[in-house]
Amino acid sequence: MSVRELVVLGTASQVPTRHRNHNGYLLRWDGEGILFDPGEGTQRQMLRAGVAAHDLHRICVTHFHGDHSLGLAGVIQRINLDRVPHEITAHFPRSGQRFYDRLRYSTAYRETVPLTEAPVDSDGLLASTKSYVLEARKLSHPVESYGYRLVEPDGRRMLPERLASYGISGADVGRIQREGALGEVSLDDVSEVRRGQRFAFVMDTRLCDGVYALAEGCDMLVIESTFLDGDVQLAVDHGHLTAGQAGAVARDAGVRHLVLTHFSQRYDDPDEFERQARAAGFEGELTVAHDLLRVPVPKRR
């Protein structure tokens, strides 16, 4: 059975704490691994979480503040040290190309793995595979920042009672799936659309159109909630969200599982983030992330 889960490597904003590493998030999606925002210490957190360089297929950087990107140097060098045998693609804001280059070549090492660069400079499609399409949307932060959204193509769910009513069974079930019809019976007569799963990753940003576009209809939304609602002006000034704002976004977007992360070190009660997101009206599944947590992507509807 395919594995679809979020592995949380770090959850701190700006500076790490005794209990929170800088950012780092691995999405396992079937046989692929997508690493989001590898902050300082990500390589060590991968070791602690049982994540190997061979598990990585894409690296997605939202922006080039250190808590979201300083771990790139170590991760890239580990990919080369371990001679990862498959292609790895890196997505990052094109405006930060110089920072990416500095991190990639910050020290001497032997390059053994071709790393494909696919910079992002506008909203839209980044990649398309059999199991997902990857999209980006621009966010609102003091430096250029993009969020990422992964969407599984819709499939079909066969309806046993409909199949039985038309007398279709055995090998004919596969045939109608492949060919779209069996005599006078169409695939639509015996099946329904199975909506693909949707995942979004939203880091440092104020409320903006991009946040809502990324979150819309997601099965899992990983979103920053740097501040509590009492510090909303600080959030606006520094280009961040509060827990209540994150909860309201998830409520309005119909999110099924909300994962809050990227917490300011000024707060010592993580439960207050959940309370404020709930107070904003979000009623779905909610996780206040902590380092080394594993969160399954909700099963298809």
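This text goes through the nonpolar cores of a predicted model and then through the packing of one pair of its helices.

In soluble globular proteins, nonpolar side chains tend to be buried together. In this model the largest nonpolar core has 29 residues. The members that touch the most other members are Leu221, Ile223, Val255, Leu258 and Leu260. Both helices and strands give two or more residues to this core: the helices are helix 8 (209-215), helix 10 (243-253) and helix 11 (271-279), and the strands are strand 14 (198-202), strand 15 (220-224), strand 16 (257-261) and strand 17 (285-288). Of these elements, helix 10 gives the most, with 5 residues.

Val255 can serve as an example of the contacts involved. Leaving aside residues up to four places away in sequence, Val255 touches Ala215, Cys218, Leu221, Ala250 and Phe282. A second core, separate from this one, has 26 residues, among them Leu27, Trp29, Ala127 and Tyr148.

The helix pair comes next. Two packed helices are described by the angle between their axes and the distance between the axes. For helix 3 (residues 72-81) and helix 4 (residues 97-104), the axes come within 8 Å and cross at roughly 55°. Because of that angle, helix 3 counts as oblique to helix 4. The crossing of helix 3 with helix 4 is right-handed. On the helix 3 side, the contact is made by Leu72, Ala73 and Ile76, and on the helix 4 side by Tyr100, Leu103 and Arg104. Sorted by class, this contact has 5 nonpolar residues, 1 charged residue and no polar residues.

Conventions: Residues numbered from 1 in each chain as written. Predicted model: local features only at pLDDT ≥ 70, side-chain atom pairs only at ≥ 80, totals over all residues. Heavy atoms only, no water. Core = buried A, V, L, I, M, F, W, Y, C linked by side-chain atoms within 4.5 Å. Buried < 20%, exposed > 50% of the residue type's maximum accessible area, 1.4 Å probe, protein only. Helix = DSSP H or I, 4+ residues; strand = E, 2+ residues; numbered from the N terminus. Contact = heavy atoms within 4.5 Å. Axes fitted to C-alpha atoms, helices over the stretch in contact; angles between N-to-C directions. Parallel < 35°, antiparallel > 145°, perpendicular 65-115°, else oblique. Left-handed = near helix turned anticlockwise from the far one by under 90°. Nonpolar A, V, L, I, M, F, W, Y, C, P; charged D, E, K, R; others polar.
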